[in-house]
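Here is a friendly walk through one chain, from its overall layout to a few local details. Please keep the structure open beside the text as you read.

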Amino acid sequence: MAFGSKTLNVYDISDKMSAKGWNLNSLQNPPAVHIACTLLTVSHDEQFLQDLKESINEIKSDPNKKSSQTAAIYGMAASIPDKSIVNEVACGFLDALYSA
């Protein structure tokens, strides 16, 4: 199941949900996230919806808060006019993130 938003940064929603223990995957063009509906997840539908509502309300309560790292990298990649370099940029980001 996938969802997006025309008014909120969907990647920020995804990060809030990750903090609550959910594993959502980011999508682009259009910006969206998805969750696999499996035996492990469908039995927790009410908890998912409650956590999703809480995450959305947290973001709405502070709309000027800086976007998360996930939001930043996906937003940046989506704004690049030459999509042929997205893979290279993403690899560079991951290299910088994990180098120490």
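Residues are called buried under 20% relative accessible area and exposed over 50%, with partly exposed in between. Asparagine 57 has a relative accessible area of 48%, so this residue counts as partly exposed.

## Overall layout

Please bear in mind that this is a predicted model. The secondary structure of the protein chain amounts to five helices and three strands. Read from the N terminus on, these elements follow the order β-α-β-β-α-α-α-α.

The protein chain has 100 residues, and 25% of them count as buried. How do the contacts spread along the sequence? Taking contacts between residues at least 6 apart in sequence, 61% join residues at least 24 apart.

## Where α1 meets α3

A good place to look next is the pairing of two helices. The axes of α1 and α3 come within 9 Å of each other and cross at roughly 125°. The two helices are therefore oblique to each other. As for handedness, α1 passes α3 in a right-handed crossing.

Which residues make this contact? On the α1 side they are Asp12, Ile13, Lys16 and Met17. The α3 side brings Phe48, Asp51, Leu52, Ser55, Ile56, Glu58 and Ile59. By character, the residues of the contact of α1 with α3 divide into six nonpolar, one polar and four charged.

## A salt-bridge network

The count of salt bridges comes to three. In one of them, the side chains of glutamate 58 and lysine 16 meet with an N to O distance of 3.4 Å. This pair links distant parts of the chain: glutamate 58 belongs to helix α3 (residues 45-61), lysine 16 belongs to helix α1 (residues 10-19), and 42 residues separate them in sequence. Are these two residues buried, exposed or partly exposed? Glutamate 58 is partly exposed, with a relative accessible area of 33%, and lysine 16 is partly exposed as well, at 23%.

Lysine 20 forms a salt bridge with glutamate 54, where the closest N and O atoms are 3.4 Å apart. Here too the pair links distant parts of the chain, 34 residues apart: lysine 20 sits in the loop between α1 and β2 (25-27), and glutamate 54 in helix α3. Lysine 20 counts as partly exposed at 29% relative accessibility, and glutamate 54 counts as partly exposed at 32%.

Glutamate 58 also forms a salt bridge with lysine 20, with the closest N and O atoms 3.3 Å apart. Because glutamate 58 lies in helix α3 and lysine 20 in the loop between α1 and β2, this pair ties together parts that are 38 residues apart in sequence. Through shared partners, the salt bridges join Lys16, Lys20, Glu54 and Glu58 into one network.

## Other links to α3

Let us turn to the loop that comes before α1. Leucine 8 has its place in the loop between β1 (2-3) and α1. Which residues does leucine 8 touch, not counting residues up to four places away in sequence? They are Ile13, Ile56, Ile59 and Lys60. Although leucine 8 and lysine 60 are 52 residues apart along the chain, their C-alpha atoms are separated by 8.0 Å.

Asparagine 57, met at the start, lies in helix α3. In sequence, asparagine 57 and isoleucine 13 are 44 residues apart, while in space they are 9.7 Å apart, C-alpha to C-alpha.

## A cis bond in the β2–β3 loop

One more spot deserves a visit. Most residues other than glycine have a negative phi, and most peptide bonds are trans. What, then, is the form of the peptide bond from asparagine 29 to proline 30? That bond is cis, with omega near 5°.

Asparagine 29 has a phi near 55°, a positive value in a residue other than glycine. Asparagine 29 lies in the loop between β2 and β3, and proline 30 lies in the loop between β2 and β3 (32-34) too. Is asparagine 29 buried or exposed? Its relative accessible area is 57%, so asparagine 29 is exposed.

Note on methods: Residues are numbered from 1 along each chain as its sequence is written. This is a predicted model: local features need pLDDT of at least 70, side-chain atom pairs count only at pLDDT 80 or more; totals for chains, interfaces and linings use all residues. Side-chain values use heavy atoms; hydrogens and water are left out. A salt bridge is a side-chain nitrogen of Lys or Arg within 4 Å of a carboxyl oxygen of Asp or Glu. Helices (H or I, at least four residues) and strands (E, at least two) are DSSP runs, numbered from the N terminus. Buried means under 20% relative accessible area, exposed over 50%, partly exposed in between (1.4 Å probe, protein chains only). Axes are lines fitted to C-alpha atoms, for helices over the stretch in contact, and angles run from 0 to 180 degrees between N-to-C directions. Angles under 35 degrees count as roughly parallel, over 145 as roughly antiparallel, 65 to 115 as roughly perpendicular and the rest as oblique. A crossing is left-handed if the near helix is turned anticlockwise from the far one by less than a right angle, and right-handed if clockwise. Contact means heavy atoms within 4.5 Å. Ala, Val, Leu, Ile, Met, Phe, Trp, Tyr, Cys and Pro count as nonpolar, Asp, Glu, Lys and Arg as charged, and the others, Gly among them, as polar.
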